[in-house]
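User: Can we go through the salt bridges and a helix in this one? I'd like short answers with the reasoning shown.

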Amino acid sequence: MSSEQHYDVVIIGAGILGSGIAQACALQGWSTLVLEKAAEPATGASSKSSKLIHGGLRYLESLQFKLVYTCLRERRLLCALAPRLVRLKQFSLPVYKSSSRSVVWVALGLFLYWALAGFRRDAGFSVCLFRAARRKAETLGLKTEGLRALFFYYDAQADDRALTKAVLKSAQKLNAQVRFSEQIKAVTKLKHGFRLNLQSGSSVITRSLVNAAGPWVQDVHALLNLTTQELPVSLVKGSHLLINENKCKAYYYLEAPQDKRPFFVLPWKGKLLLGTTESLSATADVSCTSDERLYLLGAHNYYFPNSQVLEKDVVASFSGVRVLPINRGASNTNHTLNSRSRDSFLWVDSDLAGYWAVCGGKLTEYRAIAELILPEIAASLKKGSRLKSTRRLLID
């Protein structure tokens, strides 16, 4: 008799996407296993984000309306489902004479943001203009020279690592199994599923296989020995700094003076969080460089002349790698990354039924991505079409 364990679904990766998919699959009653090479969940990009559950205001300019709508909906849901971990905050967005976007353009963007959120009270915005804006900026310690307007709007902040752990815990309560410190040695395609040989010496058989390995998605994909090309994705690195003393009086969405790309200045657990940078990466193992540190410190000090932070004030830095779809027919260099799609990318192959590679997406939309793949898995398992939703499943 074979000692191999059989599952309906095996998910590779215990980041926020893998945890969310495991939760959704386990809720259907499907036998579910999560394999994670690290000793705990959320050791990759899922714990190295900007700690935000947000709609993605800047993605409106690249016409990613569906993504923004989905993320605003998910933000509202997560504030209700995980109130201990996801909390709404008011953000300040200043517009200067030197800003790349005019006051009218920002106002239009925030109005559209509000509209996509359903004109809810907790998604509205307000603005102070000229002299009133400068008076308010002075109380915040914000640069006043050239200030034309100061907008206020809402997004949410979250403990990304704690959220991932809570979602995975929810999946386990629904009978999903999780194996940590477990790597895949080989994958064999069977007539009705896959055999995964593990480095621990054991093996498992699954009818469906979901590759949610984040920046290691390409490595796992290569184990299938497909004749098709690599996944059409690239790795994008983002770095953050944690400053020892929290001199920040509010949450800020700012525009880096060096290259005009957005970055955040946020209170975080009694300290100050600056981020993020954005650059192409050739590897999933990254760290914050001295140039990135100087970039973030310089951007902060430009806006807060009376609250300068120096390198000696940096108590920690962290870098994460996101997987983004490659823009076909477009340049994929650092200066074009800001306009790259942040939507999820689901790779499927008609010759490899039962396997999916999930790439991209944002922390905010993990639940929506999980529900997007559910019908695909159900069809593969030949399960019924009446699927249960996680939209009312509390997370604590």
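**Salt bridges and a helix**

Glu-74 counts as buried because its relative accessibility is 0%, where buried means under 20% relative accessible area, exposed over 50% and partly exposed in between (1.4 Å probe, protein chains only). This is a predicted model, so local features need pLDDT of at least 70 and side-chain atom pairs pLDDT 80 or more, while totals for chains, interfaces and linings use all residues. Residues are numbered from 1 along each chain as its sequence is written, and side-chain values use heavy atoms, with hydrogens and water left out.

User: Which side chain meets Glu-74 in a salt bridge?

Analyst: A salt bridge here is a side-chain nitrogen of Lys or Arg within 4 Å of a carboxyl oxygen of Asp or Glu. The N to O distance is 3.0 Å. The partner is partly exposed, at 23% relative accessibility. That's Arg-73.

User: Is Arg-367, which pairs with Glu-371, buried or exposed?

Analyst: The two side chains meet in a salt bridge at 3.1 Å, N to O. Both sit in helix 8 (residues 366-381), four residues apart, about one turn of the helix; helices are DSSP runs (H or I, at least four residues), numbered from the N terminus. Glu-371 is partly exposed at 23%. With 3% relative accessibility, Arg-367 counts as buried.

User: How far apart are the end C-alpha atoms of helix 7?

Analyst: Helix 7 (residues 290-303) has 14 residues, so at 1.5 Å a residue it should span 20 Å. The expected span is 1.5 Å times one less than the number of residues. The model agrees, with the ends 21 Å apart.

Definitions and conventions. Helices (H or I, at least four residues) and strands (E, at least two) are DSSP runs, numbered from the N terminus.
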